[in-house]
Amino acid sequence: MHDHEHSERLASYADVLAGELPDPWTSTYHPPDAKDALAELTDRIWDLDLVAESLAEHPLQHAAVLSRPDGAQLAVLDRHGERDGFLIAAVAPRALPDEAYRSVPEPNGIALTDDPFLSAEQVAGDLLARYDTALAQARHNAAADVQPSQPDRVVLTWQPDGSLAAAPVGETAAAVLADNGFVPDQHSGIYRLTGDDTTVQARAVRETGRQLGARGIATALQHPSGRIPPTATPAAVPPSPAASRIPGARAR
């Protein structure tokens with residue numbers, strides 16, 4: 001059974017660790033009753049080694065998430081089988097599609113001592129360097145499959161996972177995309193609309209096209225390597241390309 005003292009220990013440790021890392025980090029504690037948040041966190045842990053093995057044997061009962069303003073996140077977890085210390089793992093940004101992680105080495109997590117001050121030095125000199133490298137590679141991969149927009153036209157590019165991505169030019173286009181469910185990646189500036197529900201996706205695209213058109217901005221649907229059709233405002237979303245999630249892209 002999970003006890004309050006154990007929760008306080010992890011939360012306090014994560015708070016101190018966040019304050020000792022380079023750059024500003026904030027810490028958010030997810031208690032045992034935050035089941036949805038813990039399930040999503042488990043799905044986004046970017047690890048195929050120590051932390052993945054631990055999660056396979058011990059599902060998350062609670063965790064702390066350290067967040068940096070650019071979207072980077074680290075998860076602090078219990079270290080089972082040891083009296084002291086914790087585990088820390090990189091978290092894959094939710095805004096990037098699975099295809100972006102292809103051929104990117106996982107920035108596998110590490111074990112930490114019970115001293116958050118010493119651990120901060122260990123994280124900064126090891127995990128953070130590998131995580132930042134992996135993030136840059138994944139964001140580059142994601143941007144490579146997004147056709148550039150222009151001030152008078154927003155290009156929505158199909159992604160292999162069925163989502164749509166756009167790199168808007170100007171605050172007006174960006175605001176319209178955000179208002180219609182496109183989620184921005186703060187680092188790359190790419191906006192993505194999930195394809196989990198194609199009906200919702202189609203409705204969002206039609207409304208996006210209508211609102212952009214009213215502001216004098218055209219909209220075009222595009223496959224990564226295809227020609228941009230001259231259609232100003234898509235009337236409906238065509239079937240998304242067949243795709244499957246990439247096994248091993250993120251530890252689950």
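Helix axes are lines fitted to C-alpha atoms over the stretch in contact, and the angle between two axes runs from 0 to 180 degrees between their N-to-C directions. The exercises below concern a predicted model.

**Exercise 1.** Determine how helix α5 and helix α6 are oriented to each other.

*Solution.*
1. Helix α5 comprises residues 171-179 and helix α6 residues 198-214; their axes come within 9 Å and cross at roughly 155°.
2. Angles over 145 degrees count as roughly antiparallel.
3. The two helices α5 and α6 are therefore roughly antiparallel to each other.
4. The crossing of α5 past α6 is right-handed.

**Exercise 2.** State which residues of α5 meet which residues of α6, and describe their character.

*Solution.*
1. From α5, the residues A173, V176 and L177 take part; they meet T208, Q211 and L212 of α6.
2. Sorted by type, the residues of this contact comprise four nonpolar, two polar and no charged.

**Exercise 3.** Identify the edge strands of the five-stranded sheet.

*Solution.*
1. The sheet is open, its strands follow the order β8-β9-β7-β6-β10, and the pairing is mixed.
2. At the edges stand β8 (183-184) and β10 (218-222); each has a single partner strand, so one side of each lacks a neighbour in the sheet.
3. For β8, two bridges lead to β9 (residues 191-193), and these strands run antiparallel.
4. Within this pair, V183 lies opposite R192 of β9.

**Exercise 4.** Describe the surroundings of P184 in strand β8.

*Solution.*
1. P184 has a relative accessible area of 37% and is partly exposed.
2. Leaving aside residues up to four places away in sequence, P184 touches A95, I190 and Y191.
3. L96 is 88 residues from P184 in sequence, with a C-alpha to C-alpha separation of 9.5 Å in space.

Note on methods: Residues numbered from 1 in each chain as written. Predicted model: local features only at pLDDT ≥ 70, side-chain atom pairs only at ≥ 80, totals over all residues. Heavy atoms only, no water. Pairing = 2+ DSSP bridges. Helix = DSSP H or I, 4+ residues; strand = E, 2+ residues; numbered from the N terminus. Parallel < 35°, antiparallel > 145°, perpendicular 65-115°, else oblique. Left-handed = near helix turned anticlockwise from the far one by under 90°. Contact = heavy atoms within 4.5 Å. Nonpolar A, V, L, I, M, F, W, Y, C, P; charged D, E, K, R; others polar. Buried < 20%, exposed > 50% of the residue type's maximum accessible area, 1.4 Å probe, protein only.
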